[in-house]
Amino acid sequence: MKVPLLDLKAEYHELRDQILPALDRVCENSAFVLGEEVELFEHEFANYCDVKHCVALSSGTAALHLGLLALGVQPGDEVITCPNTFLATAEAITYCGARPVFVDIDPSTANLDPVRIARAVTPRTRAIIPIHLYGRPADMDAIRSIAENLKLLVLEDAAQAHGARYRGRRVGGLGQAAAFSFYPSKNLGAYGEGGALTTNDDSIAKYARAARSHGQTARYEHEFVGYNYRMQGFQGAVLRIKLRYLDHWTARRQEIAREYRRVFASAKLGVPNDSPQDESVYHQFVVFVNNRNSVMSQLAARGIESAIHYPRPLHLQPAYSSLAYPPCSFPLSERACDHVLSLPIYPGMTPDQVAHVANSVVEVVGTK
Ligand SMILES: Cc1ncc(COP(=O)(O)O)c(C=O)c1O
């Protein structure tokens, strides 16, 4: 039996009869950049996240960048985040001329550990970017209370967490602003690049709307030097259709995760904790294993694809060698990166595929 990490082709076949007419509508209206489909998506996604504003952008990286600029991050500032994430989280900080300052993870969740934030704060610190990694909300109450005490701003990196709930509230409105990615493999994925900034703050939304379109506040009225970070019309059309399925797809991801957890209860591996008060949307289902290369090749021999998110923490990436963090600076992130393994999880997985993955993993890693 073959089990890919993700099956976007099957998803397309399910939606084809809705997608093609929607793309045709975009062509008929020649609304290739922003336009009606994108505007409607902005309203629908803002409602979905229970926030006042959604500004549709060209990528999640653009959303992080504009989010930081909207918070007033400037050259010379420091922004705290964690090194167990995708490079884009830190890149956005660098784009602002600011310096990423890393703090380690809580190993039980693989998310930024709020207890470690205060020690990393300096007079230059301006903001914190918690990442809802793998779709699991970061500990936002603790992070927000530190931020409020120290007068810092919070930008959520919600690139992997569409629809996740923290203490009953959807991510996207838990800080001053939040960045979402609609990269095709995300839980809500476009048919190309896409992203959004969500916020309850009118001035942040106003800034982002102008900044995504060369600083324009009206046609050819450029108030400041901005960017070309606009969402394409096709992506708005696709995302509107897929958003209607998102809760149903998330429920299926959560069901698969419950089944994996049940079967893995006796297996020789680690699984991140889910807080009973929160709701992870399982963008990835990760486990922590020994001898990862061997586990991956034994799974591959059983037809099962697996992946590593992420193999190297950001402070040890060549791109950030200039920050001069030596190895062992963030031992918990480093350990997570050495052992983490992502297993297939997507809404279209059949019960047989789920059972095949779960049983194969136990067979390969052994029982406790
Ligand atoms: C945690 C995280 N942050 C930011 C991004 C950047 O999003 P995009 O690829 O849409 O620019 C991604 C997606 O790859 C991500 O996983």
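**A guided tour from Asp274 to helix H9**

Begin by selecting Asp274, which is partly exposed, with a relative accessible area of 31%. The model on display is a predicted one. Add Arg136 to the selection: the two residues form a salt bridge whose closest N and O atoms are 2.8 Å apart. This pair links distant parts of the chain, 138 residues apart, with Asp274 in the loop between helix H9 (246–264) and strand S14 (285–288) and Arg136 in the loop between strand S6 (125–128) and helix H6 (140–150). Arg136 is buried, at a relative accessible area of 5%.

Turn next to helix H9, where Glu255 and Arg252 both lie, 3 residues apart, about one turn of the helix. They form a salt bridge with closest N and O atoms 2.9 Å apart. Then select Glu259 and Arg262, also joined by a salt bridge, at 2.8 Å between the closest N and O atoms. Glu259 is partly exposed at 29% relative accessibility, whereas Arg262 is exposed at 57%. For a network of salt bridges that share partners, display Arg25, Glu37, Glu44 and Arg240. The whole structure holds 17 salt bridges.

Aromatic residues form the next stop, and a search of the whole structure finds 18 aromatic pairs. Select Tyr245 and Trp249, a stacked pair with 5.5 Å between centres and 20° between planes. Trp249 is buried, at 5% relative accessibility. Move on to the aromatic cluster of Phe41, Phe45, Tyr48, Phe180 and Phe182. Over the ring of Tyr48 sits the charged end of Arg170, 4.0 Å from the ring centre.

Finish at His65 in helix H3 (residues 60–70). His65 is buried, with a relative accessible area of 2%, and its contacts beyond four places in sequence are Ala92, Tyr95, Cys96, Tyr227 and Tyr229.

Definitions and conventions:
Residues numbered from 1 in each chain as written. Predicted model: local features only at pLDDT ≥ 70, side-chain atom pairs only at ≥ 80, totals over all residues. Heavy atoms only, no water. Helix = DSSP H or I, 4+ residues; strand = E, 2+ residues; numbered from the N terminus. Buried < 20%, exposed > 50% of the residue type's maximum accessible area, 1.4 Å probe, protein only. Contact = heavy atoms within 4.5 Å. Phe/Tyr/Trp six-rings, centres within 6.5 Å; stacked < 30°, edge-to-face > 60°. Lys NZ or Arg CZ within 6 Å of the ring centre and 35° of its normal. Salt bridge = Lys/Arg side-chain N within 4 Å of Asp/Glu carboxyl O.
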